[in-house]
Amino acid sequence: MTPYTWAVIIGVMTGFFSRLRMLRTDYRQYPTYLHGQVIHLSLGFIAAGLGAVAVPALLEKEYTAITFLSLAAQQFREVRNMERESLSKLDQMELVKRGPSYIEGIAMAFEGRNYLVILTAFLTSLTVVVGTWYLGILVGLVAIVITGVLQSGKNLGQITEVRPGELRMEEAGLYVDDIYLMNVGLKENRQRILDRGIGIIIEPKNVDSRITLANAGQRQAILHDASTILGVYRDTGEPSLTPISKRDLEDGRLGVLLLPEDRNEERAIRVVQKVPVLESAVRLPEEQPDRA
């Protein structure tokens, strides 16, 4: 086989394994077993092929072949739209919704991972052509490790302090520590909340994390992830038994009410600490230069 053939084969293999490493079906249950995984792996294989073939095409000055990369970019944007539409429809059936910000973050991640696959396959194929096949495999393995690191962002435990809070009622008002959450009219629901609920206080570590916690999409992501993992003690048509979060406007602390099926306070704290920080919620005012 020609060097180009080896470059394409090794590039496709490393690109595909890169996508395989980034494919995870976790507590969010997306992508679903098994059909969702097949769809994403198939798109990953196509992306790896495009990245690997681009190198021989450039070296042979077949510049028209590069136009396929622009078509691939358009296709992957359609994948993002498809994921957004699918998740939005699924979200309507959730007792505790993900919210638009969380959905947009997931859709963006799926699009970006295909571009990482193209880059991995391209670098591997280029290394095989200008160097050796074993050097190309080494570069591919390094790229696979790097893409695995790039797919994981920050979680809430890195930017905040999460601790238990005391749920209490003052007449019909529900509080977690000193943060007011909501008004609960029925005595039966008040007692059920006190018996089944878990109060959590999330304290921002700096100004940046305080603004991130103020984002409604980030707060909805906290409620959704906790309810997905721990279960939720409610049914449709019961607005008083809905997990909720409210801010203390003075210091930016976030008071959270969870109503889990599994009432395990320590586990609830760990779950909240692992909630991903949404890209749409990140603000960095401390990094802005002072203006005169």
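**Exercise 1. The turn between β3 and β4**

Task: In this predicted model, find the residue with a positive phi in the hairpin of β3 and β4, and describe how the two strands pair.

Solution:
- Start with the connection: the hairpin of β3 and β4 has 2 residues between the strands.
- Look in the loop between β3 and β4, where Asp 177 has its place.
- Check the backbone there: Asp 177 is not a glycine, yet its phi is positive, at about 55°. For background, most residues other than glycine have a negative phi.
- Now turn to the strands themselves. β3 and β4 are antiparallel and pair over 4 bridges.
- To place one rung of that ladder, take Tyr 175, whose bridge partner in β4 is Tyr 180.

**Exercise 2. The turn on the other edge of β3**

Task: Which residue takes a positive phi in the hairpin of β2 and β3, and is that residue buried or exposed?

Solution:
- The hairpin of β2 and β3 has 2 residues between the strands, and Glu 171 takes a positive phi near 60° there.
- Glu 171 sits in the loop between β2 and β3, and like any residue named Glu, Glu 171 is not a glycine.
- For the second part, use the cut-off: a residue is exposed when its relative accessible area is over 50%. Glu 171 counts as exposed because its relative accessibility is 73%.
- The strands on either side, β2 and β3, run antiparallel and are joined by 4 bridges. Arg 168 has Tyr 175 of β3 as its bridge partner.
- Put this beside Exercise 1: Tyr 175 is bridged to Arg 168 and also to Tyr 180 of β4.

**Exercise 3. The two faces of β3**

Task: Work out which residues of β3 are buried on each of its faces.

Solution:
- Take one side of the strand: Gly 173 and Tyr 175 lie here, and they are buried.
- Turn to the other side: Leu 174 and Val 176 lie here, and they are buried too.
- Conclude that both faces of β3 are covered.

**Exercise 4. One side of helix α7**

Task: Name the buried residues of α7 (residues 187–196), then say why they lie on the same side of the helix.

Solution:
- Pick out the buried residues: they are Asn 189, Arg 190 and Ile 193.
- Look down the axis. These residues cover an arc of only 105° around it, and therefore they sit on the same side of α7.
- The general geometry helps here: an α-helix has 3.6 residues a turn, so residues three or four places apart point the same way.
- Go round to the face turned away from the buried side, and you meet the exposed residues Lys 187 and Glu 188.
- Finally, ask what does the covering: β2 (167–170), β3 (173–176), β4 (179–183) and β7 (254–258) are included in the cover over the buried residues of α7.

**Exercise 5. Helix α10 and its neighbours**

Task: Which residues are buried in α10 (residues 265–273), and which elements do they pack against?

Solution:
- The buried residues in α10 are Ala 268, Ile 269, Val 271 and Val 272.
- Seen down the axis, they fall within an arc of 165°, so they line one face of α10.
- That face packs against α6 (156–159), β1 (160–165), β5 (198–204), α9 (216–230) and β7.
- Note that β7 also appears in Exercise 4, among the elements covering the buried residues of α7.

**Exercise 6. Arg 210 and the β6–β7 hairpin**

Task: Describe the hairpin of β6 and β7, then find which residues Arg 210 touches.

Solution:
- Strand β6 (residues 244–247) runs antiparallel to β7, with 4 bridges joining them. Arg 247 stands opposite Leu 254 of β7.
- There are 6 residues between these strands, and Gly 252 takes a positive phi near 80° in the hairpin.
- Now locate Arg 210, which belongs to helix α8 (residues 207–214). Arg 210 is partly exposed, with a relative accessible area of 29%.
- Leaving out residues up to four places away in sequence, Arg 210 touches Pro 204, Arg 247, Leu 249, Glu 250, Asp 251 and Gly 252.
- As a last check, compare sequence with space: Arg 210 and Arg 247 are 37 residues apart along the chain, and their C-alpha atoms are separated by 9.9 Å.

Technical notes
Residues are numbered from 1 along each chain as its sequence is written. This is a predicted model: local features need pLDDT of at least 70, side-chain atom pairs count only at pLDDT 80 or more; totals for chains, interfaces and linings use all residues. Side-chain values use heavy atoms; hydrogens and water are left out. Buried means under 20% relative accessible area, exposed over 50%, partly exposed in between (1.4 Å probe, protein chains only). The arc is that of the directions from the helix axis to the C-beta atoms. Contact means heavy atoms within 4.5 Å. Two strands pair if DSSP finds at least two bridges between them.
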